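Reader: I have a chain on my screen and a few things to ask about its fold. Please take me through them one by one.

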Amino acid sequence: MATTAAPGSHMAAIKSCISSPQRTYMSCTANFGTNSEVAISKGLKSSSHISSRQPLFWSVKSGPAKSVKVITRAMSGAAENSPLPGLPIDLRGKRAFIAGVADDNGYGWAIAKSLAAAGAEILLGTWVPALNIFESSLRRGKFDESRKLPDGSLMEITKVYPLDAVFDNPDDVPEDIKSNKRYLGSSKWTVKEVVESVKQDFGSIDILVHSLANGPEVVKPLLETSRYGYLAAISASSYSFISLLQHFAPIMNPGGASISLTYIASERIIPGYGGGMSSAKAALESDTRVLAFEAGRKHRVRVNTISAGPLRSRAAKAIGFIDMMIDYSSANAPLPKELSAEEVGNVAAFLASPLASAITGSVVYVDNGLNAMGVGVDSPIFENLELPKEA
């Protein structure tokens, strides 16, 4: 889980001109003001408050129309201070719960930022043993630089909940965990209890993000993985998504969206990505399709997963060869560059928005196209191959 600076989500209005013999309608432009204000509670107890709400101003003009065409363009940031024509990723009025954010260094944080940039209210679920350090870092302003949104304001985090998604309810928690000093001082952190707390605090959510993965034996080859290690990887990395959606779906508004994160090891051999983690990601992708049907029919909630490329995050460093994987991707992907967390975050914002209202049950690849490659072109076998190069 890492974060780097990259463009965020842009919200823009569509300019249109419609002419008729009787009436003329001219441009209706949305202008977004900027107001950054930080208010973090001094007595923070499982909640962090950071505020940046922006008023919406409408200006309506009328006059003679010369064209009846409506043009939508994808534009570069040449005129950054003027509203962009096009389709907006507008999540104002939506509430998102992102499970698995414990620092400012990974995909979960980047997704939270992109959702916030599009106007969504942000709730976080943080692993219980990491909660105190995370909240302390928020209070001390350690994350202020990485909290900056494209408009210069700071990402708002309405509340942080302690969460351990390995346990569905209090009866599932063994005594050694209950008495563990890293869990002392926190309460109501099983999946069922967290959802009950969110319901009591806010009533409902619109977006659920699963950014959780753990395999205690990830450095072991699958052939040497124990039953315990394999099942632990499945429990923490794939069943946790089923559990979160199972409990959150009843309080998700119709038209809501859920998103998880997967990896190409689910369908391709990635030596070194062991301990049952490849199996867990394969299960997650299969579950995405089944849950899309069930949650779609029962709750009108969409279910998708993002297959993200390698990222220089703290969590990924546990594998031990993340730097080599990033170098390999940069050398072999159709887009020869390092992937940024924000690129994944922005795709998540799109999938959570009404623009993706017909997309569900999908694995969306955000990996610079590496998934499409059949061979690694940096192999000595291809040293005499003339590869396409940028002009």
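Reader: Is helix H1 (residues 107–117) largely enclosed or exposed, and why?
Author: This is a predicted model. Buried here means under 20% relative accessible area. Eleven of the eleven residues of H1 meet that, so the helix is largely enclosed by the rest of the structure. The buried set includes Trp109, Lys113 and Leu115. The word for H1 is therefore: enclosed.

Reader: Which residue with a positive phi follows H1?
Author: Look just past the helix. The phi there is positive, near 105°. The residue is Gly119.

Reader: Why is strand S7 (residues 159–163) largely enclosed?
Author: Count its residues by burial. S7 has five, and most of its length is covered by the rest of the structure because the buried ones number four.

Reader: Which residue of S7 is the bridge partner of Gly125?
Author: Start with the strand pair. Strand S6 (residues 121–127) runs parallel to S7, and five bridges join them. At Gly125, the partner in S7 is Tyr161.

Reader: What unit do S6, helix H2 (residues 128–139) and S7 make?
Author: The two strands are parallel. H2 joins them in a unit whose hand is right. Together they make a right-handed β-α-β unit.

Reader: What percentage of contacts between residues at least 6 apart in sequence join residues at least 24 apart?
Author: The chain has eight helices and eleven strands. Buried residues make up 47% of its 391 residues. For the contacts you ask about, the share is 78%.

How values were computed. Residues are numbered from 1 along each chain as its sequence is written. This is a predicted model: local features need pLDDT of at least 70, side-chain atom pairs count only at pLDDT 80 or more; totals for chains, interfaces and linings use all residues. Side-chain values use heavy atoms; hydrogens and water are left out. Buried means under 20% relative accessible area, exposed over 50%, partly exposed in between (1.4 Å probe, protein chains only). Two strands pair if DSSP finds at least two bridges between them. A crossover is right-handed if, with the strands pointing away from the viewer, the path from the first strand over the helix to the second runs clockwise. Contact means heavy atoms within 4.5 Å.
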